[in-house]
Amino acid sequence: MKRSIGLVIVLLMYSMTTFAQTVQIGALVSGQVVKVYVKPQQIVHKGQKLLEIDSEAYHARLAQLQAQLAQEELKLTDAKIELEKQKDLYDRTVTAKRKLEKAQLAYDLQEQKVKAASAAVKAHQAWQKYYHIVAPVKGRIIKIFAPQGSTVYLENTPLMSLERR
């Protein structure tokens with residue numbers, strides 16, 4: 001009788017064992033891994049920094065987009081000045097309505113270019129968070145596939161695997 005109770009307890013313990021879920025962690029951007037903040041077998045918490053990918057090209061492109069936005073805003077200011085001038089001339093019956101309409105159209109078109117340039121800046125800024133890889137869940141680092149200095153080329157290339165806790 002004692003022997004069968006021991007067997008039941010062992011079987012019960014075995015059936016209660018849970019299998020760990022492995023999470024593959026990848027990147028949505030390309031670049032060189034400049035810093036790895038964790039080591040294999042280390043316990044990590046959700047949101048903890050795991051590694052960082054070089055974001056120099058990202059920042060250069062952002063500066064370029066911001067400069068384009070500034071140019072479009074300056075052109076909008078100029079179009080507004082021209083529109084105001086044409087309104088004044090039209091009100092004084094010095095110029096034809098067509099010149100006023102042309103100035104209004106130029107202003108409206110430039111306003112849309114500013115909106116497009118602003119949207120391009122915001123869309124690019126949305127990618128900033130992908131250069132800092134964080135733990136999606138609490139767990140233990142099993143393996144690091146991309147050590148410091150390695151280059152990530154493809155979207156979702158495995159960087160490390162984590163055993164969910």
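**Helices 2 and 3, and the core they join**

Leaving aside neighbours within four places in sequence, Lys-87 is in contact with Leu-100 and Gln-104. I start there because Lys-87, although partly exposed with a relative accessible area of 34%, is found in helix 2, and what follows concerns that helix and its partner; please keep in mind throughout that this is a predicted model. The C-alpha atoms of Lys-87 and Lys-99, which are twelve residues apart along the chain, are separated by 9.1 Å.

Between helix 2 and helix 3 there is a loop, and Thr-95 lies in it. With a relative accessibility of 15%, Thr-95 counts as buried, since the cut-off is under 20%. If we again set aside residues up to four places away in sequence, Thr-95 touches Gln-86, Leu-89 and Tyr-90.

Turning to helix 3 itself, residues 97–125, its 29 residues should span 42 Å at 1.5 Å a residue, and the C-alpha atoms at its ends are indeed 42 Å apart, so expectation and model agree. The buried residues of this helix are Leu-100, Ala-103, Tyr-107, Gln-110, Val-114, Ala-117, Val-121 and His-124. An α-helix has 3.6 residues a turn, so residues three or four places apart point the same way. What do the buried residues of helix 3 pack against? They pack against helix 2, which covers residues 56–91.

Next, the nonpolar core. The largest one has 35 residues, and of these Leu-50 and Ile-53 touch the most other members. At least two residues of this core are supplied by each of strand 1 (22–26), strand 2 (31–36), strand 4 (49–53), helix 2, helix 3, strand 6 (139–144) and strand 8 (158–164). The largest share, seven residues, comes from helix 2. Leu-50, not counting residues up to four places away in sequence, touches a list of residues including Ile-25, Val-36, Val-44, Ile-133, Ile-141 and Met-160, and Lys-35 is also among them.

Finally, a search of the whole structure finds two aromatic pairs, of which I will describe one. The rings of Tyr-58 and Tyr-131 have their centres 5.4 Å apart and their planes at 45°, so this pair is tilted. Because Tyr-58 lies in helix 2 and Tyr-131 in the loop between helix 3 and strand 5 (132–134), the pair ties together parts that are 73 residues apart in sequence. Are these two tyrosines, Tyr-58 and Tyr-131, buried or exposed? Both are buried.

How values were computed: Residues numbered from 1 in each chain as written. Predicted model: local features only at pLDDT ≥ 70, side-chain atom pairs only at ≥ 80, totals over all residues. Heavy atoms only, no water. Helix = DSSP H or I, 4+ residues; strand = E, 2+ residues; numbered from the N terminus. Expected span 1.5 Å × (residues − 1). Buried < 20%, exposed > 50% of the residue type's maximum accessible area, 1.4 Å probe, protein only. Contact = heavy atoms within 4.5 Å. Core = buried A, V, L, I, M, F, W, Y, C linked by side-chain atoms within 4.5 Å. Phe/Tyr/Trp six-rings, centres within 6.5 Å; stacked < 30°, edge-to-face > 60°.
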